[in-house]
Amino acid sequence: MDPLSDIISLLRPSAAVSKPISAKGRWGVHYHAHDAPGFTIIVSGEAWLTFDGEDPLRLEQGDFLLLPSTPAFSLGSEPGIVGAPAAPRSEAVRHGEPEGEADFVALGGSFSFERVNAPLLLSLLPERIHIPASDGRATRFGRLIDLLAEECATDYPGKELILHRMLEALLVEALRWSSLASRSVPAGLLSGMRDPALARALQAIHADVRASWTVAELASVAGMSRSAFSARFGDVLGCPPIEYLARWRMAIAKDALARGIKTLDRIAEDIGYESASAFSTAFRKRLGCAPGKFARAAG
């Protein structure tokens, strides 16, 4: 698999909560910051989103917004409305006038990831990903949004399952959205995958994590000199090449330990250590505890 698919598969994302949000008339709410990655899809109408200390952002039908870590924000029918305090809920939400057909409808909620490696994904993303309908309407992303809106308007059997699977697909589409290349993306895998030379090295690492890669070998795969490769990798990925390999090996190990599906010998073999003892020493040095203790705490 390619590196992004590797990461997504390891994290096993799912839509932990997805609920309809509707409103009518003049309304406004304010949410405090919370850690869960949040998302909003505007099904119909429009609203104004304001993060504390920033200018209002207009959200329109078909827009998608992903917040890897949700800061405090206000949402309302107009910019500048002082919103009533609100808290995240798992059930449908109605704002403004309680009766009558809503003039604003959205699907909102949060994603969950395998907790032992969740920081991996969150560290790859900008503070927010906003994909306006005007950017995505003629693409696969736009078609997914349309299918989601259509499913929200039905009561077909299996609706919740379909919505969750579509949201998971939407998350992956958002992570590989081409327009992110021109935006402020932090150092990490997404940045590295957009650099053709570094992408070749990353693909080699992920294709054979057991290999005893050297910087010279990876530089050769990238088609660069050793010094130029090391410098560019560090700038774009935020760490040296061999450190990236070590982090990815430990991410795989943490996942296997948390799931309790492999012996230490098998984990060590899968990620390129000569023995369970060598793996345990490396794991303890990096994570500060023995693999067995980590597995018990994560289980």
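User: Which side chain does Arg210 meet in a salt bridge?
Analyst: In this predicted model, the side chain of Arg210 forms a salt bridge with that of Glu269, at 3.8 Å from N to O.

User: Where do Arg210 and Glu269 lie in the chain?
Analyst: The pair links distant parts of the chain, 59 residues apart. Arg210 belongs to the loop between α7 (196-207) and α8 (215-222), while Glu269 is in helix α11 (residues 264-270).

User: And what is the relative accessibility of Arg210? What about the relative accessible area of Glu269?
Analyst: Arg210 has 45% relative accessibility and therefore counts as partly exposed. Glu269 is partly exposed as well, with a relative accessible area of 42%.

User: How many salt bridges does a search of the whole structure find?
Analyst: The search finds 13 salt bridges. One of the bridges joins the side chains of Arg58 and Glu46, at 2.5 Å from N to O. This pair, too, links distant parts of the chain: Arg58 is in strand β5 (residues 57-60) and Glu46 in strand β4 (residues 46-51), 12 residues apart. Arg58 has a relative accessible area of 38%, so it is partly exposed. Glu46, at 32% relative accessibility, also counts as partly exposed.

User: Which residues are linked with Arg12 in a network of salt bridges?
Analyst: The network links Arg12 with Asp255 and Arg259. Within it, the side chains of Arg259 and Asp255 meet at 3.4 Å, N to O. Both of these residues are in helix α10, four residues apart, which is about one turn of the helix.

User: Asp255: buried or exposed?
Analyst: Asp255 counts as buried because its relative accessibility is 7%, under the 20% cut-off. Its partner Arg259 is partly exposed, with a relative accessible area of 44%.

User: Back to Arg12. What does it follow, and what is its phi?
Analyst: Arg12 comes after helix α1, and its phi is positive, near 45°. As for α1 (residues 3-11), seven of its nine residues are buried, so the helix is largely enclosed by the rest of the structure.

User: Which residues of α1 are buried?
Analyst: They are Pro3, Leu4, Asp6, Ile7, Ile8, Leu10 and Leu11.

User: New topic, aromatics. How many pairs does a search of the whole structure find?
Analyst: It finds seven aromatic pairs. In one of them, the ring centres of Phe233 and Tyr244 are 6.0 Å apart and the planes stand at 75°, so the arrangement is edge-to-face. Phe233 lies in helix α9 (residues 226-237) and Tyr244 in helix α10 (residues 241-259), 11 residues apart, and the pair links distant parts of the chain. Both Phe233 and Tyr244 are buried.

User: How far apart are the ring centres of Phe283 and Phe294?
Analyst: Their centres are 5.5 Å apart; with the planes at 75°, the pair is edge-to-face. The two residues are 11 apart in the chain, with Phe283 in helix α12 (residues 276-287) and Phe294 in helix α13 (residues 291-298). Phe283 has 0% relative accessibility and so counts as buried. Phe294 is buried with a relative accessible area of 14%.

User: Which cluster do ring pairs link Phe283 and Phe294 into?
Analyst: Ring pairs join them with Tyr273 and Phe279 in a cluster. In addition, the charged end of Arg249 sits over the ring of Tyr273, 5.8 Å from its centre.

User: What sits over the ring of Phe51?
Analyst: The charged end of Arg128 sits there, 4.0 Å from the centre of the ring.

User: What about Trp248: where is it, and how far from Tyr273?
Analyst: Trp248 is in helix α10 and is buried, with a relative accessible area of 6%. Trp248 and Tyr273 are separated by 25 residues in sequence and by 13 Å in space, C-alpha to C-alpha.

User: Last topic: at what angle do α7 and α8 pack?
Analyst: They pack at about 125°, and their axes are 7 Å apart. That angle makes α7 oblique to α8.

User: Is the crossing of α7 and α8 left-handed or right-handed?
Analyst: The crossing of these two helices is right-handed.

Terms used
Residues are numbered from 1 along each chain as its sequence is written. This is a predicted model: local features need pLDDT of at least 70, side-chain atom pairs count only at pLDDT 80 or more; totals for chains, interfaces and linings use all residues. Side-chain values use heavy atoms; hydrogens and water are left out. Rings of Phe, Tyr and Trp (its six-membered ring) pair if their centres lie within 6.5 Å; planes under 30 degrees apart count as stacked, over 60 as edge-to-face and the rest as tilted. Buried means under 20% relative accessible area, exposed over 50%, partly exposed in between (1.4 Å probe, protein chains only). A charge sits over a ring if NZ of Lys or CZ of Arg is within 6 Å of the ring centre and within 35 degrees of the ring normal. A salt bridge is a side-chain nitrogen of Lys or Arg within 4 Å of a carboxyl oxygen of Asp or Glu. Axes are lines fitted to C-alpha atoms, for helices over the stretch in contact, and angles run from 0 to 180 degrees between N-to-C directions. Angles under 35 degrees count as roughly parallel, over 145 as roughly antiparallel, 65 to 115 as roughly perpendicular and the rest as oblique. A crossing is left-handed if the near helix is turned anticlockwise from the far one by less than a right angle, and right-handed if clockwise.
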